[in-house]
Amino acid sequence: MSTPLFDLSSTKVLITGGSRGIGFGIASVFAAAGADVSVAARSATDLDRAVTRLEDMGSGRTLGVVVDVADPESCRAMTGAVMDAWGGLDVLCANAGIFPQASLETMSPKDLDDVLDVNVKGSIYSVQACLDALTASGRGRVVLTSSITGPTTGYPGWAHYGASKAAQLGFMRTAAVELAPRGITVNAVLPGNVESEGLQDLGEDYLRSMSTAVPAGRLGRPEEIGYAAAFLATREAAYVTGQMLTVDGGQVLPESLDALSR
């Protein structure tokens, strides 16, 4: 019997920022596919809740690890905990990110540092910490969670966030070249607006206005980002590296809102 496409059973996966929002959506897809899933986040309470939910979703093992991705030592400890538990690592989903709002006029150096430390440095530190394990896997996969904001679009109040998400893609391209000889691919998923705790905090008016700007007529669901990440993590995606996969319901396509009313 031939092996089914996209078999992720027994694949060992680590998702940073995996306790809620898009990260949990990614984790839930891998869990449902039978993978061993480690979720890492700053809040132990959120992690406990996420692990309990994930255990009900799949047949694989589940682990929660406290981490501050802006701290390289914490990232190394995170990888060590995963290796102690699973004995290996095949996939890193570097998803941890923050998106506080601040206009250019009011943005402080700390505002900028906080976003770059988590979104850019955190991605790089996470990859560095996992390099040996991903190399030993023989089929290492890195999937970054970037965004359409920054690489493709802009939105007032998120200049620092947009800059961080564009920077992730610059890192991705060079990392893909450097790590190819190790058998590691590096790709990125670029979500549009996705229903999550963080987005809901912006209010119903924001959610409504964003939905009207999407040709699909709705916001994305966290698991829909997970399906894209899962594909990039498969053995079948071994020849895909240094690429961006936009998952936004067509949000970046219309020239104006008038295009959606015709």
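# Ala41, helix H2 and an aromatic cluster

Biologist: Leaving aside its neighbours within four places in sequence, which residues is Ala41 in contact with?

Modeller: In this predicted model, the place of Ala41 is in strand S2. Once neighbours within four places in sequence are left aside, the residues in contact with Ala41 are Ser19, Leu47, Val65, Val66 and Val67.

Biologist: Is Ala41 buried or exposed?

Modeller: The cut-off for a buried residue is a relative accessible area under 20%. Ala41 has a relative accessible area of 9%, and therefore counts as buried.

Biologist: By what distance are the C-alpha atoms of Ala41 and Ile225 separated?

Modeller: Along the chain, Ala41 and Ile225 are 184 residues apart. In space, the separation between their C-alpha atoms is 18 Å.

Biologist: Which residues of H2 are buried, and where do they fall when seen down the axis?

Modeller: Leu47, one of the residues in contact with Ala41, is buried in H2, as are Ala50, Val51 and Leu54. Seen down the axis of H2, these buried residues line one face of the helix, because they fall within an arc of 100°. An α-helix has 3.6 residues a turn, so residues three or four places apart point the same way. The residues asked for are thus Leu47, Ala50, Val51 and Leu54, and their arc is 100°.

Biologist: Which elements do the buried residues of H2 pack against, and which exposed residues does the face turned away carry?

Modeller: On the buried side, the residues of H2 pack against helix H1 (21–32), strand S2 (36–41) and strand S3 (62–66). On the face turned away from that side, H2 carries the exposed residues Thr45 and Asp48.

Biologist: How far apart are the end C-alpha atoms of helix H2?

Modeller: Helix H2 covers residues 44–55, and at 1.5 Å a residue its 12 residues should span 16 Å. The model agrees with that expectation, since the end C-alpha atoms of H2 are apart by 16 Å.

Biologist: How many aromatic pairs does the count come to, and what is the angle between the planes of Phe99 and Trp158?

Modeller: The count comes to 4 aromatic pairs. Among them is the edge-to-face pair of Phe99 and Trp158, which lie 6.1 Å centre to centre. This pair links distant parts of the chain, 59 residues apart, with Phe99 in the loop between strand S4 (91–94) and helix H4 (109–137) and Trp158 in the loop between strand S5 (141–145) and helix H5 (159–179). The values asked for are thus 4 pairs and an angle of 80°.

Biologist: Is Phe99 buried or partly exposed, and is Trp158 buried or partly exposed?

Modeller: With the limits for partly exposed residues set between 20% and 50%, Phe99 has a relative accessible area of 31% and is therefore partly exposed. Trp158, at 7%, is buried.

Biologist: What are the distance and the angle for the aromatic pair of Phe99 and Tyr161?

Modeller: Phe99 and Tyr161 form an edge-to-face pair, which links the loop between S4 and H4 to helix H5 over 62 residues. The values asked for are 6.1 Å centre to centre and 65° between the planes.

Biologist: What is the radius of gyration of the protein chain, with its 262 residues?

Modeller: The protein chain has 8 helices and 7 strands, and buried residues make up 48% of its 262 residues. A compact globule with 262 residues would have a radius of gyration near 18 Å, and the chain agrees with this because its own value is 18 Å.

Methods
Residues numbered from 1 in each chain as written. Predicted model: local features only at pLDDT ≥ 70, side-chain atom pairs only at ≥ 80, totals over all residues. Heavy atoms only, no water. Helix = DSSP H or I, 4+ residues; strand = E, 2+ residues; numbered from the N terminus. Expected span 1.5 Å × (residues − 1). Buried < 20%, exposed > 50% of the residue type's maximum accessible area, 1.4 Å probe, protein only. Arc of directions from axis to C-beta. Contact = heavy atoms within 4.5 Å. Rg over C-alpha atoms; globule rule 2.2 N^0.38 Å. Phe/Tyr/Trp six-rings, centres within 6.5 Å; stacked < 30°, edge-to-face > 60°.
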